[in-house]
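Reader: Could you take me through the charged pairs in this one, up close? I'd like the cut-offs along the way, and then whatever else sits around them.

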Amino acid sequence: MQDAEPKRISIGALMAIAAAYAACYELTQHVSFSHWNLSSGLRLSALMLVPRRYWPALLLGETLPVIEHAVLFAPRFGLNWALVTGIPVIALCMPVVALVRRKLALHRADGSLNIGLILATTLVCALLNAGLNDLALRAALAASPGAWPDLDARTYFFAYLLGSYLGALTLTPSILALKTAFDAPASLKWLHGGLRPRTAALIVAAASGMLAVGLLASHTQDGLLMALRLSVALPVLALTLRFGWQGGALAGLVASVVLATTSTTLLDPPMINAQIALAFVLSGALLIGIPIARIKMARLTRARALDDPAHGGTAVSD
């Protein structure tokens, strides 16, 4: 993730990156809500992976949509709300991620990701996002006293915090997992041998369970619905044990999306409780998945050595 020193960056390249990021930002905003904010995952992924010389394009790509939103709704929510809403969250997160990338190590000495540091960065950025959204909400409430008597700014702050953190866990680890898969040598990919019967059966079972939750959720309620929602954590744990943090990250992406589809009302307490539980499970799966991935990588390295004609051996079985 080290940035090469640039000689010159064309305006066309910057504008293209800004336009692409703005389009992705608008898309994630369209499918997000207060306690499930995919934009935070897009933002953190871009800051971690895109070279810093292109960050001005990311800033431009997020600034234009938020300013447009602020201008459109300023008459309804007030000038102070528009001024706060017009601040792109990425501008607040940039110094945090820049410090992490420059002074700390996103990768450990053995090449594995420093998941603990990534989770800490995710939490800090989620706090910044929640704080800015909370200021905007308070500004809107102050501009129209009594207009929304049911809104509690303190409750929404924690909803924003959960949404930013879980939204980041939904996208960022899975994007990093895919990047490691593409970057690794063919014989050392974490999914190497992943289509063997036993592993394929596990993946099919996990996908079937996720699909069943999505289909059955609309026909259940109360305790059974909560049990279905919590069950999405099981495939996350199963695939973490099989593939390490990468398997947990991709399963977490699907689990988070499936859980979000079961929401029917905003700020539904049982739904929020299930999302909190999933956020803890995803965080734990990523942490325990690192040593599991390290062990798997050691086995693949041994299998590669045994497959070498000079050794005359056979690969380690699934």
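Author: Let's fix one word before anything else: buried means under 20% relative accessible area, exposed means over 50%, and partly exposed is what falls in between, with a 1.4 Å probe and protein chains only. You're looking at a predicted model, where local features need pLDDT of at least 70, side-chain atom pairs count only at pLDDT 80 or more, and totals for chains, interfaces and linings use all residues. Residues are numbered from 1 along each chain as its sequence is written, and side-chain values use heavy atoms, with hydrogens and water left out.

Now the charged pairs. Side chains of opposite charge can pair when their charged atoms come close. The structure holds three salt bridges, each being a side-chain nitrogen of Lys or Arg within 4 Å of a carboxyl oxygen of Asp or Glu.

Start with R43 and E62, whose closest N and O atoms are 3.2 Å apart. This bridge links distant parts of the chain: R43 belongs to helix α2 (residues 38-49) and E62 to helix α3, 19 residues apart. Helices here are DSSP runs (H or I, at least four residues), numbered from the N terminus. Both R43 and E62 are buried.

The bridge between D134 and R138 spans 2.8 Å, N to O. These two are four residues apart in helix α6 (residues 115-143), so about one helical turn separates them. D134 counts as buried because its relative accessibility is 10%, while R138, at 43%, is partly exposed.

Then there's R229 with D268, where the closest N and O atoms are 3.7 Å apart. R229 sits in helix α9 and D268 in the loop between α11 (245-261) and α12 (269-307), so this bridge ties together parts that are 39 residues apart in sequence. R229 is buried at 3% relative accessible area, and D268 is buried at 17%.

Helix α9 (residues 222-231) also contains D222. That residue has a positive phi of about 55 degrees although it is not a glycine, and D222 is exposed, at 62% relative accessible area.

One more charge to check: the charged end of R242 sits over the ring of F243, 5.0 Å from its centre. The test for that is NZ of Lys or CZ of Arg within 6 Å of the ring centre and within 35 degrees of the ring normal.

On to the rings themselves. The structure holds six aromatic pairs; rings of Phe, Tyr and Trp (its six-membered ring) pair if their centres lie within 6.5 Å, with planes under 30 degrees apart called stacked, over 60 edge-to-face and the rest tilted. Among them is F33 with W36, a tilted pair at 5.9 Å centre to centre and 35 degrees between the planes. F33 is partly exposed at 22%, whereas W36 is buried at 5%. F73, F77 and W81 form one aromatic cluster.

What about the cysteines? The structure holds zero disulfides, a disulfide being a pair of cysteine sulfur atoms within 2.5 Å. For C93, the nearest cysteine sulfur is that of C125, 3.5 Å away. C93 is buried at 2% relative accessibility, and C125 is buried at 8%.
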